[in-house]
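Colleague: I am new to this structure and would like to go through it with you. Could you put it on the screen?

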Amino acid sequence: MNATPGQAPVKSIMPKWVRNPQDFVGGIAMMGIAVFALWASSDLQGMRGFSFGAGTAPRMFATLLLGLGAAITAVGVLTEGQHLAKYHWRGPLFVTLSIVSFALTIRSMGMIFSALTSFLIAACGSPETRWMETVIVGVCLTAFCALLFPYALGLPLQLLPTFMIR
Amino acid sequence: MGDIFSNLSLGFGVVFQFVQWTPAFLGGTSIPIPVNILLCLIGALVGTLVGVLPGIGTIATVAMLLPITFGLPPVGALIMLAGIYYGAQYGGSTTSILVNIPGEAGSVVTALDGFQMAKQGRAGPALAIAAIGSFFAGCVATVLIAILGAPLTKLALAFGPAEYFSLMVLGLIFAVVLAKGSVLKAIAMIVLGLLLSMVGSDIETGASRMAFNIPELADGLGFATLAMGLFGFAEIIRNLDAGGESDRQLVQQKVSGLMPTARDLRDSAPAVGRGTVLGSILGILPGGGAVIASFAAYTLEKKISKTPQKFGRGAIQGVAAPESANNAAAQTSFIPLLTLGIPPNAVMALMVGAMTIHGIVPGPQVMQKQPDLVWGMIASMWVGNLMLLVINLPLVGIWVRLLRVPYRLMFPSIVIFCSIGIYSVNNAPTDVIIAGVFGLVGYWLIKHDFEPAPLLLGMVLGPLMEENLRRALLISRGDWSVFLTRPLSAVLMAIAAGLLVLTVLPTLRKKRDEVFVESEN
Amino acid sequence: MNWYGRSLAGGCLAAIAGLALLSAPAQAQTYPTRNITMIVPFAAGGPTDVIARIVTGHMAQTLGQTIIIENVVGAGGTTATTRAARAANDGYTLITGHMGTHAASVPLYPKLAYHPEKDFEPVGLLAGTPILILARKDLPPKDLKEFIAYVKANETKVNAAHAGVGSVSNVSCELLNSVLGVKPIGVPFNGTGPAMNALVAGQVDYMCDQIVNAVPQINGGTIKAYAVATAERNPSLPDVPTTTEAGLPAFQAQAWNAIFAPKGTPPDVVAKLNAAVIKALDDEAVRKRLLELGSVIPASADRTPAALGTLVKNEIAKWTPVLKPVN
């Protein structure tokens with residue numbers, strides 16, 4: 001078992017017979033998605049005489065994915081392979097928070113507020129962020145977007161919070 | 001032949017039309033202004049600048065900029081729109097190469113090798129070869145439209161649902177070839193993409209499928225939304241990992257040479273030629289031929305290359321071929337519009353909208369009734385391509401400098417641009433959240449060595465394949481043999497089967513190139 | 001600061017200055033005091049979008065404010081209509097609805113999040129677009145009578161194309177089929193363009209579609225038209241008989257576009273908007289462009305909010321027995 005260079009090997013939580021944990025877990029996840037899709041499409045109509053129903057194709061592909069997931073899991077057991085990669089929490093957390101914050105505030109608070117807030121939240125995702133320059137770039141970027149999208153491109157984007165317009 | 005020259009000269013006459021401008025401050029002196037050239041230039045420039053914004057693909061760019069052409073005279077408006085279209089397409093490729101965020105299906109393939117080249121400090125040559133390849137393809141396709149436009153229309157009409165289904169099957173095989181790692185995992189990604197494309201409403205019954213009563217899912221997952229998540233956001237999240245950071249620094253240190261070397265040009269010339277031919281043919285097919293043009297070209301290059309293992313690791317042919325094919329297809333996809341008056345894809349439908357707003361409804365007689373419009377547009381395509389070359393070769397330097405922005409400032413900016421881009425396509429906040437979710441999914445996929453590119457291609461091909469299959473079966477009343485009894489369809493199926501054997505056999509024999517071995521040990 | 005920050009810094013000052021101007025407090029003057037958003041539930045460049053842009057372009061002059069078109073696509077226009085139904089009822093958010101969003105959607109989507117009558121104030125009818133019965137050019141029947149007989153005799157063999165569930169071509173073809181008492185195979189396409197392509201290529205037998213897209217194809221001889229489903233012949237196709245003339249008076253269908261405001265919008269605001277619509281419809285340039293599209297401009301009596309309300313009621317009653325729910 002050789003770990004990827006540059007990444008610290010993770011202590012294995014996998015049983016010994018799983019020789020390729022990356023594929024093993026990946027395959028199981030694919031099977032999970034397939035089962036979920038089968039459940040989600042179970043209420044749809046199947047074949048209607050010679051023509052496809054709404055549910056035919058989704059169930060067909062879900063079944064296929066189930067089989068492929070099983071095959072990948074099998075590869076995970078039968079072949080030597082890579083360890084599970086190490087996950088980091090900081091980047092994913094703040095980038096996701098930033099995106100969610102943008103989506104939640106854009107319609108009520110307008111673009112200036114949302115873009116700047118999201119920019120600052122996203123910046124928290126990297127330990128290298130220097131706050132002074134981040135704030136300056138954030139403000140400039142927001143101003144640039146505020147001019148570009150509604151004015152230069154004429155998009156119906158609201159700039160200011162709703163309570164300030166009404 | 002004489003006809004073609006007179007037609008082309010009519011077209012160029014329209015494009016090079018001068019309008020006398022007599023401003024008051026010059027006291028009666030009039031200046032000739034080449035209005036249509038200027039419109040084309042502005043269109044190409046604005047198209048490039050908007051298309052380059054991550055999160056905004058070609059269709060979104062054209063839709064967004066469409067209203068600014070409404071105030072212009074019809075010919076000028078269409079010439080400007082054509083400029084916007086090419087600009088947007090080229091801008092999208094730029095984003096794919098620089099930050100690995102494809103805005104449309106065609107650029108997914110460009111991102112594969114283009115971004116790798118950028119990582120190796122060769123963003124300049126990648127961008128330049130994309131511009132040069134596109135220009136060459138554009139020139140050839142323009143001539144092709146002028147000479148063979150009318151007869152080629154027959155091909156568009158010969159393609160029925162059965163043929164399209166077979167073409168999409170072929171497209172799926174191309175998607176397998178794209179993968180650089182395990183074939184099994186690539187197929188799983190394609191099927192996952194197909195499954196995701198099923199979300200939304202069923203074409204025949206309108207029933208809502210796997211949409212969980214979320215109104216924004218009623219029409220399915222948007223391609224741009226998914227691409228932004230799986231490529232854009234996922235890439236950022238991964239780069240924020242400790243391992244990714246050293247990767248980034250590498251990019252910033254190694255920027256070498258802005259222009260392609262003589263060797264680069266020699267390597268990519270045949271790829272450009274083959275890409276142009278493939279793209280020109282596929283572009284004529286209205287039901288999604290242009291979609292598979294770029295990956296057909298990529299697959300071809302990878303299959304005939306003596307060093308297929310270089311593909312996906314920064315092969316210049318992997319940029320040159322799909323970019324040429326893409327641009328050639330973009331060009332020839334005008335043929336059904338100009339000869340039949342039927343828009344073959346979403347962008348062309350927007351063009352028709354622009355025409356109707358000017359009171360021109362294109363039909364089969366548009367070439368006879370509005371020759372100045374048709375030939376003006378054909379000539380402007382060539383001019384538009386020239387503009388792109390003129391605009392973009394100097395811009396290469398600026399784009400490459402953009403890579404030197406410290407990543408700590410770059411990544412929040414990309415997040416914001418992507419968010420605004422996704423939101424503005426449909427003014428839907430939910431789309432932004434969906435992209436965020438797929439960012440996390442993409443991060444997980446990277447960690448498990450699954451490639452997102454086949455997933456996206458499955459996502460694009462899924463609806464085309466299912467819909468055409470169902471249409472074909474409805475028309476044949478459930479007779480599956482149509483796919484083999486109709487000659488064009490049978491040929492496509494045979495090519496697909498052959499390609500599948502060629503792709504799968506080596507892996508079965510465990511003799512696939514070193515790439516596969518690498519991922520196996 | 002690196003060059004990236006520097007290059008933005010210049011624009012920064014200009015932006016702040018511009019924003020300060022924008023945020024000047026709105027005065028309590030007469031409506032409208034700021035930009036109006038017009039939601040169009042279909043893509044830019046589509047028939048509804050084109051009509052909306054032509055009319056609102058003139059309305060903006062009358063009202064003295066910019067009307068911003070916001071194209072929101074999805075689910076046959078119901079996504080956008082839901083959003084409009086929930087918007088503030090102050091007259092600053094309007095929607096250009098059509099036959100599908102404000103009538104056919106009621107029977108098609110039982111779980112619809114809005115009701116065209118209960119959640120909207122009718123403002124004014126913009127234009128009607130006649131529906132044509134079209135067929136591939138080599139279909140044997142020569143006129144509508146023969147066509148009816150042909151379809152009835154070949155019910156299991158003919159294919160009818162449509163542009164997707166809930167589209168105008170789909171619902172009007174359902175009406176035609178129910179009038180004829182036939183249930184042919186309906187082949188769905190993604191939009192009018194691909195459906196028309198299939199008809200021109202002869203892959204399907206017939207379809208119903210709005211006049212806009214079909215006129216040049218009919219004139220070019222690539223498809224043929226049996227009848228127009230309105231009371232009068234259309235000036236852009238003077239040779240095509242009406243369904244009444246050709247012997248099928250029961251088939252009457254028109255795709256109409258109209259402006260609606262969220263329920264509870266003040267009556268004086270609605271009246272002002274309606275006056276702007278009427279003024280636009282009387283404008284020579286607007287009329288010319290609408291007629292070029294093959295549209296029918298509503299008569300004076302049909303332009304009031306009350307008339308639009310009645311139209312919506314009648315249309316819902318007309319489509320409900322014909323269309324079956326999609327879910």
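Colleague: How many residues do chain B and chain C each bring to their contact?

Modeller: Chain B puts in 44 residues and chain C 45 residues, where two residues are in contact if their C-beta atoms, placed from the backbone, lie within 7 Å. Please note that this is a predicted model: local features need pLDDT of at least 70 and side-chain atom pairs count only at pLDDT 80 or more, whereas totals for chains, interfaces and linings use all residues. Residues are numbered from 1 along each chain as its sequence is written, and chains are lettered from A and ligands numbered from 1 in the order in which they are written.

Colleague: Which elements give two or more residues to the side of chain B that touches chain C?

Modeller: They are helix H15 (346-357), helix H18 (407-426) and helix H20 (452-475) of chain B. Helices (H or I, at least four residues) are DSSP runs, numbered from the N terminus. H15(B) gives the most to this side, with 7 residues.

Colleague: And what is the make-up of that side by class?

Modeller: The side of chain B that touches chain C has 26 nonpolar, 14 polar and 4 charged residues. Here Ala, Val, Leu, Ile, Met, Phe, Trp, Tyr, Cys and Pro count as nonpolar, Asp, Glu, Lys and Arg as charged, and the others, Gly among them, as polar.

Colleague: Now the other contact: how many residues come from chain A and from chain B?

Modeller: Chain A supplies 65 residues and chain B 57 residues. On the chain A side, helix H1 (21-40), helix H2 (56-78), helix H3 (90-123) and helix H4 (131-152) each supply at least two residues. H3(A) gives the most, with 18 residues. The side of chain A that touches chain B divides into 41 nonpolar, 19 polar and 5 charged residues.

Colleague: Turning to chain A itself, how many helices and strands are there?

Modeller: Chain A has 5 helices and 0 strands; a strand would be a DSSP run of E of at least two residues.

Colleague: Is chain A compact or spread out?

Modeller: Its radius of gyration, taken over C-alpha atoms, is 24 Å, well over the 15 Å that the globule rule (2.2 Å times the number of residues to the power 0.38) gives for 166 residues, so chain A is more spread out than a compact globule. The C-alpha atoms of chain A fill a box of roughly 60 × 55 × 25 Å, taken along the principal axes.

Colleague: What domains does the assignment give for chain A?

Modeller: Domain 1 (1-87) and domain 2 (90-165), with bounds from an automatic or database domain assignment. Their centres, taken over C-alpha atoms, are separated by 37 Å.
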